[in-house]
Amino acid sequence: MTVADFRLSAEVSAPFLVKPSLSLGEKIYYAIEATRLAVACNTNLGIILLCATIVEALQRYPDLPLRQAEGTSPTTNCWVWSSRLKELRPMLLSMTSVSGE
């Protein structure tokens with residue numbers, strides 16, 4: 001695995017993760033399939049599993065408030081996303097169907 005593999009994996013899998021017409025299971029399946037076809041190895045399975053559930057929750061609950069943080073430092077951004085994940089936790093836990101609705 002190389003840095004180029006990881007970058008290409010992100011490029012080919014991202015469109016499937018954000019496609020609202022796909023169920024959670026389909027987002028994961030097609031993102032992994034695209035990765036395997038592009039780089040022939042497992043460069044981003046864990047990232048896809050994490051991101052797919054977060055994206056699904058954001059798409060299902062678009063009105064959930066996101067705390068606004070001042071500044072753009074990585075530390076601040078990590079805090080904002082950590083807060084967002086805590087807010088999303090109940091919804092992520094409520095998603096019991098991998099195939100979606």
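**View 1. Tyr30 and its aromatic neighbours in the predicted model.** In this predicted model, Tyr30 has a relative accessibility of 31% and therefore counts as partly exposed, whereas Tyr29 is exposed, its relative accessible area being 51%. The structure contains 2 aromatic pairs. In the pair formed by Tyr29 and Tyr30, the ring centres lie 5.2 Å apart and the planes meet at 80°, so the arrangement is edge-to-face, the cut-off for that class being an angle over 60 degrees. Phe16 belongs to the cluster as well, since ring pairs link Phe16, Tyr29 and Tyr30.

**View 2. The fold of the protein chain.** The protein chain is built from 4 helices and 0 strands, and its pattern, followed along the sequence, is α-α-α-α. Of the 101 residues in the protein chain, 30% are buried, and the accessible surface comes to about 6,700 Å², with carbon and sulfur atoms contributing 62% of that area. When contacts between residues at least 6 apart in sequence are considered, 61% of them join residues at least 24 apart.

**View 3. Helix H2 and the helices it packs against.** Helix H2, spanning residues 24-39, has 16 residues and reaches 23 Å from its first C-alpha to its last, which is close to the 22 Å expected at 1.5 Å a residue. Its buried residues are Leu24, Gly25, Lys27, Ile28, Ala31, Ala34, Thr35 and Val39, and these buried residues of H2 pack against helix H1 (3-17) and helix H3 (45-60). Just after H2, the backbone at Ala40 takes a positive phi of about 55°.

**View 4. Surroundings of Thr35 in helix H2.** Thr35, a residue of helix H2, has a relative accessibility of 2% and so counts as buried, the cut-off for that class being under 20%. If residues up to four places away in sequence are set aside, Thr35 touches Ser9, Val12, Ser13, Ala40, Cys41, Thr43, Asn44 and Ile48. Among these neighbours, Cys41 is itself buried, with a relative accessible area of 18%, and Ala40 is the residue with a positive phi just after H2.

**View 5. The largest nonpolar core.** Six residues in all, namely Leu17, Leu24, Ile28, Ala31, Ile48 and Ala52, make up the largest nonpolar core. The elements that each give two or more residues to this core are H2 and H3, and H2 gives the most, with 3 residues. One of the core residues, Ile48, is also among the residues that Thr35 touches.

**View 6. Ile54 of helix H3 and Leu17.** Ile54 is found in helix H3 and is buried, with a relative accessible area of 13%. Although Ile54 and Leu17 are 37 residues apart in sequence, their C-alpha atoms are 9.7 Å apart in space. Leu17 is one of the residues of the largest nonpolar core.

**View 7. Two cysteines, Cys41 and Cys51.** The structure holds 0 disulfides, a disulfide being counted where two cysteine sulfur atoms lie within 2.5 Å. Cys41 has a relative accessible area of 18% and is therefore buried, while Cys51, at 29%, is partly exposed. Cys41 is also one of the residues touched by Thr35.

Terms used. Residues are numbered from 1 along each chain as its sequence is written. This is a predicted model: local features need pLDDT of at least 70, side-chain atom pairs count only at pLDDT 80 or more; totals for chains, interfaces and linings use all residues. Side-chain values use heavy atoms; hydrogens and water are left out. Buried means under 20% relative accessible area, exposed over 50%, partly exposed in between (1.4 Å probe, protein chains only). Contact means heavy atoms within 4.5 Å. Accessible areas come from the Shrake-Rupley method with a 1.4 Å probe; for residues, only the protein chains shown count as cover. The expected span of a helix is 1.5 Å times one less than its number of residues. A nonpolar core is a set of buried Ala, Val, Leu, Ile, Met, Phe, Trp, Tyr and Cys residues joined through side-chain atoms within 4.5 Å. Rings of Phe, Tyr and Trp (its six-membered ring) pair if their centres lie within 6.5 Å; planes under 30 degrees apart count as stacked, over 60 as edge-to-face and the rest as tilted.
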